[in-house]
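Open the model in your viewer and keep the selection box at hand. We will go from stop to stop, picking a few residues at a time.

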Amino acid sequence: MTGDHRVLADELKAANERFELLATVTRDAIREWNLEENTIWWNDRFAELFGYPSKETTSATDAWYDRIHPNDQDRVWKSCQAALEDQKASWTESYSMRRADGTYVQVHDQAVIQFQEAKAIRLVASLVILPTQANAEKSEIPLLRTLVDGSADLMSILELDGVNSYLNQAGMELLGFDTKEQVLKFPISQLHTPEDFEFVRTKVIPIVLEKGRWEGQMNVRHLKSGEVFPVYNNSIRIDDPVTGEPCAVGAVMRDLRPELAARKALTESTELFRNITTASSAALWITDENQAITYVNQRWIDWTGAPLVQHLGSGWLHFVLEEDRSNAAQLFLADFQARRYHESQFRIQHLNGPVRWVVCTGNPQYGPNGEFSGYIGAILDVTERVRAEQELRASEARFRDLIDNAPLPIAVYTGPELTIQVANEALLTAWGRDESVLGKTYRQALPELENLPYFQIAEEVFATGKAVQNDEGRADFVVDGQVHTAYFNYSYKALHNAEGDVYGVINTAVDITKQVVTRKQLEEVEVSLRGAIELAQLGTWELDPQTWTLSYSDRIRDWFGYSSNSVRLATLDQATNAIIEEDRERIVASLLRATAPGSDGIYEEEYTVKNQKNGQERILHAQAKAFFNENGEAYLLRGTAQDITARKKIEWELAWQIQERTEELQAINEELNATNEELSEANLRLQQSNENLQQFAYAASHDLQEPLRKIQSFGSLLQTHYAQNLSDGGLDLLQRSRAAAERMSLLVRDLLTYSRLTTQPGEYTSVNLSALVKDVLSDLELAIQEKEARITIDPLPRVLGNARQLTQLLHNLLSNGIKFHQPGDAPIIHVSSHVASVDEIYAIAELSTLRTYICLEVQDSGIGFDEKYLDRIFNMFQRLHGRERYPGTGVGLALCRKVVENHQGYITAKSQPGHGATFQVYLPGLSPESN
């Protein structure tokens, strides 16, 4: 076989291999339609995408036409036949195609058509499943196949007498020999035509014998069939190893028929390869074992606008968008080094600027001996899919943002179980839930609605797809353990997917709780008003200022002596004819004034009416309110009237009695003036008494403290110097005496303090409670450290008070919190305040409803007390616990109450045994400007 023939065969083989490889690696389904035999062949990718048998070859009708959706069959078939009849080089259509499982997918079919002598003989097409907006179908590229076909050559030894002494099996088959004996019997002259044998005898053999070799094309004849066909002969001279003389001719012959046919096929295959790569919607690529790109098809070149040479090696990376380049290169390198399937997504840019999104896939390739030879892959344009996904995500984000920020409650439930996928803040607030309900079913999230119709309505909407809308639905939600009733105008509507199937339910609602409650309250008020009107014996009436039509209630009709409950009057005089003459003009003027544009619309008058039937006179008190339209014109005057005849008579009687009483009071006032002078003298004497009491309290405390100090000093001296001379009983008596003296001293001090609070109210100014608490904590620092107390203080306001007295108050309350703690536990005390509400002030009789108050709260974690002793604990010398465990004089809380009383406030407490106590002190607040 000569070198040229081998190159030609290799090119033909490579072309076939490329076709097979591309049909395997491409992400498209490849269809080859033999129009002469009307058969279709599919590649492996078709089996992966559509689920039909691999490399199926069937009739065109079964393999392709019958699998097109019935709605598309006629259109697609006519379009294809028109392309064949018009001898078009290519054909493109999009339609729905059935998978093996019966489902349909949208495909894009792009084909090239081959013609021979103006007749279509072959159609090769690629099918791509079009990506949907939600997601694009992914598939794996099948492993590349490397087909290695061997070719057998004729090998022979020709003796110089013209007979072959050896012919291999390939040669025997090539020339038509059945046995080796036949080979030895037939001279080569019978294997050629006379003309061809003459060429062998006179040209080939002499040159071989002379020059040692000959190669070239010649013809041979098949022994059985007589067929003459070309071969490529490569002959050498065989010399006798002993004599060195020629003894035979060795030949290797290659049947040129496949090679000549291959030349023709090569041309057709090259054209076919070019057509497939052009028709494919994917860009195809090949690398060598060193990761260098060795081939890209025209699609990639079109996408980038650069010639093939600029993509070879690593040049392709220059067309990847700079933001994606590093990541794309790293992913490809990692997969290449690991010899694994590669898939990545990045953006590429055309030299003229357009950018497109692509998905790159590839698989490693191996030679017949398992050696790695590189990668073959495909790149699919997914720009539309990515844009659709981006638009979908943006749309979803906008939709979620719209739902989340919508003032109306909105939820989305999916699946037959109605799983909560979306619930905006308005809905969660209405439910009394948080985002933890997302992912739960409707029933799981709101079990309290089980006996209401909402679950059944939502399930029915999901099952039937029919929307449901109702008004004023009631729902009882459990919020923080409490049942909260709400009312909604609500709707449930089905959500459909692209196929039209229901996949969820959207629930929207309008919270009308306030409107319903208000309406019910108005209905109750209306009932109450009707009752009040009847109870008050009121009459009602309405006047239309534009037509002067009056409508009366039965009571007014009886007062006026009318026979019907509605009278249409032509003039205002007719409307007022029941009013006595001396009042009529005033009443008419008042009605006109109340209904005049720009007036306040208020009508209130007293007048006398005379019954038209019996002549009885009544004094009426009438009130009304005018209603105006957008033009400022009165369209209604609605009011009431009350018979005040009896009241007027009483008023007249009272006026006469008041006159008498006034004269009596003048005399009494003269007596009171004399009494006031006596009271002034008594107040002066009381002030002197208080001063004397204060002096007495000081003298008493001073006179009592001096002997007490001496008793304490003598006791200390006795214990220090003579304790060893005393018996145990004597020592116990001494210690008791000292303790009693200490208690007596403390009691005297507390009594002195109480006395001063009684007789010296002090000056009242703006006092900063936070500063006072800070000073008290400083005084109690040793006790706090000893008991390891934890005290927290909220920001406290200013109040109107006496700083010294309020310091005493805070000192006593905090000392109690430290002292009365639970055994073994560190005291915990919290001080806070708030502005007392109107309800709080009204609930405490000691507080004035005309003032504002600050409620100061001191909460401790101590032993607490039974609230039945609440009044007792604020009295002098009252104790709820033994002195041995909790020392004290029983005066501290009495001092607190006295301070609060001096400030015209109120003190109380809340407690339970073992659960601490909270003391509440109400003190007068400052004005907003002072604070």
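Start with Val-609, which stands opposite Arg-618 in β26. Keep in mind that this is a predicted model.

**Stop 1: a hairpin**

Widen the selection to residues 602–610, strand β25, and residues 617–628, strand β26. The two strands pair in the antiparallel sense, over nine bridges. Together β25 and β26 form a hairpin, with six residues between them. Now click on Gly-615 in the turn. Its phi is positive, about 75°.

**Stop 2: a strand with two partners**

Select residues 154–159, strand β7. Which residues make up its covered face, and which its uncovered one? Leu-154, Ser-156 and Leu-158 are on the covered face. Met-155, Ile-157 and Glu-159 are on the uncovered face. In a regular strand, side chains alternate between the two faces of the sheet.

Add strand β11, residues 246–255. Six bridges join β11 to β7, and the pair runs antiparallel. Next add β8, which pairs with β7 over three bridges, also in the antiparallel sense. Zoom in on Leu-158. It stands opposite Val-249 in β11 and opposite Asn-164 in β8. The hairpin of β7 and β8 has four residues between the strands. There, Gly-162 takes a positive phi near 90°.

**Stop 3: a loop residue**

Move on to Asn-168, in the loop between β8 (164–167) and α5 (169–175). Is Asn-168 buried or exposed? Its relative accessibility is 9%, so Asn-168 counts as buried. Leaving aside residues up to four places away in sequence, Asn-168 touches Asp-153, Leu-154 and Met-155.

**Stop 4: a one-sided helix**

Select residues 454–464, helix α14. Color its buried residues: Tyr-454, Phe-455, Ile-457, Ala-458, Val-461 and Phe-462. Look down the axis of α14: these residues fall within an arc of 165°, so they line one face of the helix. What do they pack against? Show α13 (442–445), β19 (468–479), β20 (482–496) and β21 (502–511). Just after α14, find Gly-465, with a positive phi of about 80°.

**Stop 5: two packed helices**

Finish with α23, residues 803–819, and α25, residues 892–902. Their axes are 9 Å apart, and the helices pack at an angle of about 145°. The crossing is left-handed. Show side chains in the contact: those of α23 include Leu-806, Leu-809 and Leu-813, and those of α25 include Leu-895, Val-899 and Val-900. By class, this contact has eight nonpolar, six polar and no charged residues.

Terms used: Residues are numbered from 1 along each chain as its sequence is written. This is a predicted model: local features need pLDDT of at least 70, side-chain atom pairs count only at pLDDT 80 or more; totals for chains, interfaces and linings use all residues. Side-chain values use heavy atoms; hydrogens and water are left out. Axes are lines fitted to C-alpha atoms, for helices over the stretch in contact, and angles run from 0 to 180 degrees between N-to-C directions. A crossing is left-handed if the near helix is turned anticlockwise from the far one by less than a right angle, and right-handed if clockwise. Contact means heavy atoms within 4.5 Å. Ala, Val, Leu, Ile, Met, Phe, Trp, Tyr, Cys and Pro count as nonpolar, Asp, Glu, Lys and Arg as charged, and the others, Gly among them, as polar. Buried means under 20% relative accessible area, exposed over 50%, partly exposed in between (1.4 Å probe, protein chains only). The arc is that of the directions from the helix axis to the C-beta atoms. Two strands pair if DSSP finds at least two bridges between them.
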